[in-house]
Amino acid sequence: MNYDHHYHAGNSADCIKHLALSLTLHILIRKDAPLAYIDTHAGAGRYVLGKEGEHLQGISRLWADRRNLPQAGTWLKVVGHENADGLLRHYPGSPALAAALLRPGDRMVLCERQPEVAACLRKTLGKRPHTSILAEDGYHALFGQIPPPEKRGLVLIDPPFERHDEWKRLADSLIRAYARWPQGVYLIWYPVKIRGTITRLWQALRERLPAFVYESLQMPEEGREQLFGSGLILVNPPWGLREALAAALTELGPRLASPQSGGSWSLRCHGWTAQHKD
């Protein structure tokens with residue numbers, strides 16, 4: 001795989017994903033007990049934004065108006081700290097975002113399979129205490145980490161979706177992880193491109209784990225293969241997260257809508273309760 005996230009950093013998908021991640025962690029750290037954060041596809045941790053790139057359709061659209069987006073305040077404050085002079089030049093990926101929000105005693109496990117990207121991640125976060133950076137397959141590494149000794153925690157699964165078997169591997173890994181650690185909170189991001197593929201993912205999950213799904217669509221689905229928006233699956237969402245995320249997505253969604261679609265935007269929400277566990 002030759003996936004490089006630098007060009008995609010800060011795009012609308014990143015905005016939706018990192019908004020959800022920040023809200024989830026913000027709620028989880030309200031309890032005093034320590035927690036573990038596991039990121040299966042961590043990336044480089046931090047990115048430099050150039051004059052070109054997909055951030056122009058994402059965080060750059062929000063930046064000037066960031067003080068008028070209270071529902072996204074936790075996430076945007078972290079982005080602001082990365083750009084203290086007010087000029088948007090750096091973007092924190094999920095590892096840097098989580099490190100900024102977690103408490104010093106909370107543990108992080110960051111998985112990045114590509115050696116050169118893992119090396120960048122070590123430069124970014126290698127000095128943080130209680131942090132492990134694993135240059136290995138995130139799906140495989142996950143099962144060596146759960147259940148964690150803290151008994152509380154969040155797993156972020158955000159693959160690049162370039163492998164032909166990615167959707168099946170995602171479903172299989174999530175079902176196995178939930179069976180091993182049903183108390184964990186899981187946050188999964190997926191692209192809204194092909195509805196049939198997404199439907200099969202839901203069908204594989206809905207009878208095996210409790211979850212809630214959000215889809216933020218930046219343009220109407222028209223039957224052809226392109227990125228229409230972002231999907232989020234929340235397994236065991238902590239109390240208050242569903243409402244907070246819906247409010248935040250409603251605030252950000254219209255601002256991220258594609259001008260080519262006339263500013264069309266929609267939010268879809270639904271959930272299910274597991275009928276049985278493997």
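## Close-up views of a predicted model

**View 1. His8, ahead of helix 1.** His8 is partly exposed, because its relative accessible area is 23%, a value between the 20% limit for buried and the 50% limit for exposed. The model shown here is predicted. His8 belongs to the segment that comes before helix 1. Look for Tyr47 in this view as well. His8 and Tyr47 are separated by 39 residues in sequence. In space, their C-alpha atoms are 9.8 Å apart.

**View 2. Strand 1 and its side chains.** Strand 1 covers residues 36–39. Which residues point one way, and which the other? Ala36 and Ile38 point one way. Tyr37 and Asp39 point the other way. Buried or exposed? All of these residues are buried.

**View 3. Strand 1 beside strand 4.** Strand 4 spans residues 107–111. Strand 1 and strand 4 run parallel. Four bridges join them. Find Ala36 in strand 1, then look across to strand 4: the bridge partner of Ala36 is Arg107.

**View 4. Strand 1 beside strand 6.** Strand 6 is made of residues 153–157. Strand 1 pairs with strand 6 too, in the parallel sense. This pairing has four bridges. Opposite Ile38 stands Val155 of strand 6.

**View 5. Helix 1 packed against helix 9.** Two packed helices are described by an angle and a distance, both taken between their axes. Helix 1 holds residues 12–28, and helix 9 holds residues 241–256. They pack at an angle of about 155 degrees, with their axes 10 Å apart. Helix 1 is therefore roughly antiparallel to helix 9, since angles over 145 degrees count that way. The crossing of the two helices is right-handed. From helix 1, the contact residues are Ser12, Cys15, Ile16, Leu19, Ala20, Leu23, Thr24 and Ile27. Helix 9 brings Leu241, Ala244, Leu245, Ala248, Leu249, Leu252 and Leu256. How many residues of each class make up this contact? There are 13 nonpolar and two polar residues, and no charged ones.

**View 6. Thr24 and its neighbours.** Thr24 sits in helix 1. Why does Thr24 count as buried? Its relative accessibility is 1%, and buried means under 20%. Leaving out residues up to four places away in sequence, Thr24 touches Leu154, Val185, Leu234, Pro238 and Leu241. Leu241 is also one of the helix 9 residues in the contact with helix 1.

Conventions. Residues are numbered from 1 along each chain as its sequence is written. This is a predicted model: local features need pLDDT of at least 70, side-chain atom pairs count only at pLDDT 80 or more; totals for chains, interfaces and linings use all residues. Side-chain values use heavy atoms; hydrogens and water are left out. Buried means under 20% relative accessible area, exposed over 50%, partly exposed in between (1.4 Å probe, protein chains only). Two strands pair if DSSP finds at least two bridges between them. Axes are lines fitted to C-alpha atoms, for helices over the stretch in contact, and angles run from 0 to 180 degrees between N-to-C directions. Angles under 35 degrees count as roughly parallel, over 145 as roughly antiparallel, 65 to 115 as roughly perpendicular and the rest as oblique. A crossing is left-handed if the near helix is turned anticlockwise from the far one by less than a right angle, and right-handed if clockwise. Contact means heavy atoms within 4.5 Å. Ala, Val, Leu, Ile, Met, Phe, Trp, Tyr, Cys and Pro count as nonpolar, Asp, Glu, Lys and Arg as charged, and the others, Gly among them, as polar.
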